[in-house]
Amino acid sequence: EHLRGVGWGYTRQRSPGGVPRRRLFMETQAVDARSAASCSDGTSSALHEVASESQLGQNGRLLVQAGGGRYIALIAHRGDVHAIDATCYHMGGPLLHAEIEDCGPFGPCVVCPWHRYQISLRSGDSLYQNMSGTVCSKGLKQRVHEVVRRDGKILVRIAHSDKIESDNYAFKTPPPSSGGLAAPPQRRSGEVLRAGAAGVRRPARLTAGAAGDVAKSMCGADGRAPWARPSMPPPPPSAGSRLGAAITAGVPAAGGAAGAASAGSTSTPPPLLAGWSRHAVRSRAEVGRGSVRLTLQGPLPGSTRALEWTCGSHALVRLEGGEGGEQPYTPYQRAGGAFEGTFELVVKAYPQGALSPRIAALHPGDSLLVRGPVGGAARLAPAVHAVGFVAGGTGITPMLQVIYSLVRSRSALPRLRLLCFNRRAEDILVADELAELSAAHPEQLRVFHSLSDPPAAWSGGRGRPSKEMLQARLPPPAPHVRVLWCGPPAFNSTVRELLGELGYADGMLHEFS
């Protein structure tokens, strides 16, 4: 039999002690394996009927199996249906929950919810944007399959070629969007550099702890591949969430029709699963083009481990009803009595995103589910007397988390040098906060902005990161200096190369990736 129409659901069971509990189960519809054409040698000429058009439903996503048990994500987008191996080639992320972005000549691409890898739905190429803004390919990484639509049925022709990376996960059950973690990993590896000859990057001599972190990162941060972890269901849906209107035309409000119908409901919210917490939106502010800052009520999740929210830790965020899956964001807590008992979440709304426009559309009174802390670097030791930060776009958020933690925890701040890179002036995020921080700590904190497409009257920096720009504005290499950076993949690669050329030694550097 063929396995078709796989989806996540809940069932109530009783534990041996008689206590009700929720348990994740997979609803499956077993049907006869049928093909419009078959070959005895199993070549790609076989068409496998995997679903009907109606099974795609309103969200246009469906997990199916074909070709001897291969897990495939069917994704409908702008009138087309795409079939792609359901598990990301990199570390097993669930592509069924991915956002979709337009990647120029490569067409629509999915963005893995775990590590933001971009993969073309047309070709399976893994994509990145170079520093000139051109979308480039890393090569074929994810297998995509031909889709034939006939008489209301969806048929898939399995692609056959030499082995590619997504084959490693293709026959393993994909995880739910949370990754199936019983508890979020507490470490997240950055990349440690070793300075060598100019322009040359060499493998770092890692300490035992750092080496362990890198090894764990390659397996999925907790030392086990994501598909091998114990299952953990996403939070149950809620009918009582009131959600704001969508900010992008054509994107439904986060609560959908059901949410609108239940607005103002006083029903008790559903119980939370272990590790998740519910936070009401206290205020909302526009903080850059297509970006908002949500102030959420309550302490950062896992307040008993507050010290772990100090150096780039991120949180998994989802809506009450689970629409759009979940995404990692880096929250931070502002300093000062006015912000006591709250934390901030900066969200850039991507027009074709499955989740980000819905989160950005929330207004005071709505709520989010948050889980963390996940990852981050080691806390800065008291002996560190100078820190450099290099942020590209939304990469500013882990920097703010670190800076605010230093403001709260140290009576005397180290020298802080923050370099922010954006395309246009309107793309600069949380400019109000950066100005306030600079004014409050004029000697310790200096902020430098550089634009790649500046207006004529712009008085700040011009261009993308360069060796000269970093050398002039970052603290020079020294035993008690640290440099942290975060941005898009191409930005991170450039900064990594430049810092290696500038002579920063082992242990001075951390990349938030």
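Hi everyone. A salt bridge, for our purposes, is a side-chain nitrogen of Lys or Arg within 4 Å of a carboxyl oxygen of Asp or Glu. Keep that in mind, and here is a pair that fits: Glu165 and Lys141 meet through their side chains, with N and O 2.8 Å apart. Please also remember that this is a predicted model.

Where do those two residues sit? Glu165 is in the loop between β14 and β15, while Lys141 is in the loop between β12 and β13, so this salt bridge ties together parts of the chain that are 24 residues apart in sequence. Now look at how covered each partner is. Glu165 has a relative accessibility of 32%, so it counts as partly exposed. Lys141 comes in at 19%. Buried means under 20%, so Lys141 counts as buried.

Let me step back to the whole chain for a moment. The protein chain has seven helices and 28 strands. It has 513 residues, and 50% of them are buried. Its exposed surface is about 22100 Å², with carbon and sulfur atoms supplying 52% of that area. Here is one about contacts: taking those between residues at least 6 apart in sequence, 65% join residues at least 24 apart.

Back to salt bridges. How many does a search of the whole structure find? The count is 16. One of them joins Asp85 and Arg70, at 2.9 Å from N to O. Asp85 belongs to strand β7 and Arg70 to strand β6, so the pair ties together parts 15 residues apart in sequence. Both of these partners are buried.

Another salt bridge is between Arg496 and Glu511, whose closest N and O atoms are 2.8 Å apart. Arg496 is in helix α7 and Glu511 is in strand β28, and the two are 15 residues apart. With 9% relative accessibility, Arg496 counts as buried. Glu511 is buried too, at 5%.

Salt bridges can also join up into a network. Here, one network links Arg293, Arg334, Asp432, Glu433 and Glu436. We will meet Glu433 again in a minute.

Now find helix α4 on the screen, residues 396-409. Its 14 residues, at 1.5 Å each, should span 20 Å, and the C-alpha atoms at its ends are indeed 20 Å apart. Is α4 mostly covered or mostly open? Mostly covered: eleven of the 14 residues are buried. Among them are Ile396, Met399, Leu400, Val402 and Ile403. What do the buried residues of α4 pack against? Their partners are strands β21, β23, β24, β27 and β28, together with helix α5.

That brings us to the largest nonpolar core, which has 28 residues. Those touching the most other members are Phe389, Ile396, Met399, Leu400, Leu416, Leu418 and Val430. Two or more residues come from each of β23, α4, β24, α5 and β27. The largest share is from α4, which gives seven residues.

If you want one residue to zoom in on, try Phe389. Leaving aside residues up to four places away in sequence, Phe389 touches Met399, Val402 and Ile403, and its list of contacts also includes Leu416, Leu418, Leu474 and Leu484. Apart from this core there is another, of 20 residues, including Tyr329, Phe343, Val347 and Ala349.

Next door in our tour is helix α5. Its buried residues are Glu433, Leu434 and Leu437. Why do we say they lie on the same side of α5? They cover an arc of only 100° around the axis, which puts them there. The buried residues of α5 pack against β18, α4, β24 and β25. And there is Glu433 again, a buried residue of α5 that is also part of the salt-bridge network.

My last stop is Val111, in strand β9. Val111 has 2% relative accessibility, so it counts as buried. Its C-alpha atom is 9.5 Å from that of Cys88, although the two residues are 23 apart along the chain. Which residues does Val111 touch, not counting those up to four places away in sequence? They are Ala98, Glu99, Glu101, Arg116, Tyr117 and Gln118.

So, if you open the model later, you could start with Glu165 and Lys141, joined by their salt bridge, and then move on to α4, with its seven residues in the largest core. Thanks for listening!

Notes
Residues numbered from 1 in each chain as written. Predicted model: local features only at pLDDT ≥ 70, side-chain atom pairs only at ≥ 80, totals over all residues. Heavy atoms only, no water. Helix = DSSP H or I, 4+ residues; strand = E, 2+ residues; numbered from the N terminus. Buried < 20%, exposed > 50% of the residue type's maximum accessible area, 1.4 Å probe, protein only. Contact = heavy atoms within 4.5 Å. Areas by Shrake-Rupley, 256 points an atom, 1.4 Å probe, with all protein chains shown as cover. Expected span 1.5 Å × (residues − 1). Core = buried A, V, L, I, M, F, W, Y, C linked by side-chain atoms within 4.5 Å. Arc of directions from axis to C-beta.
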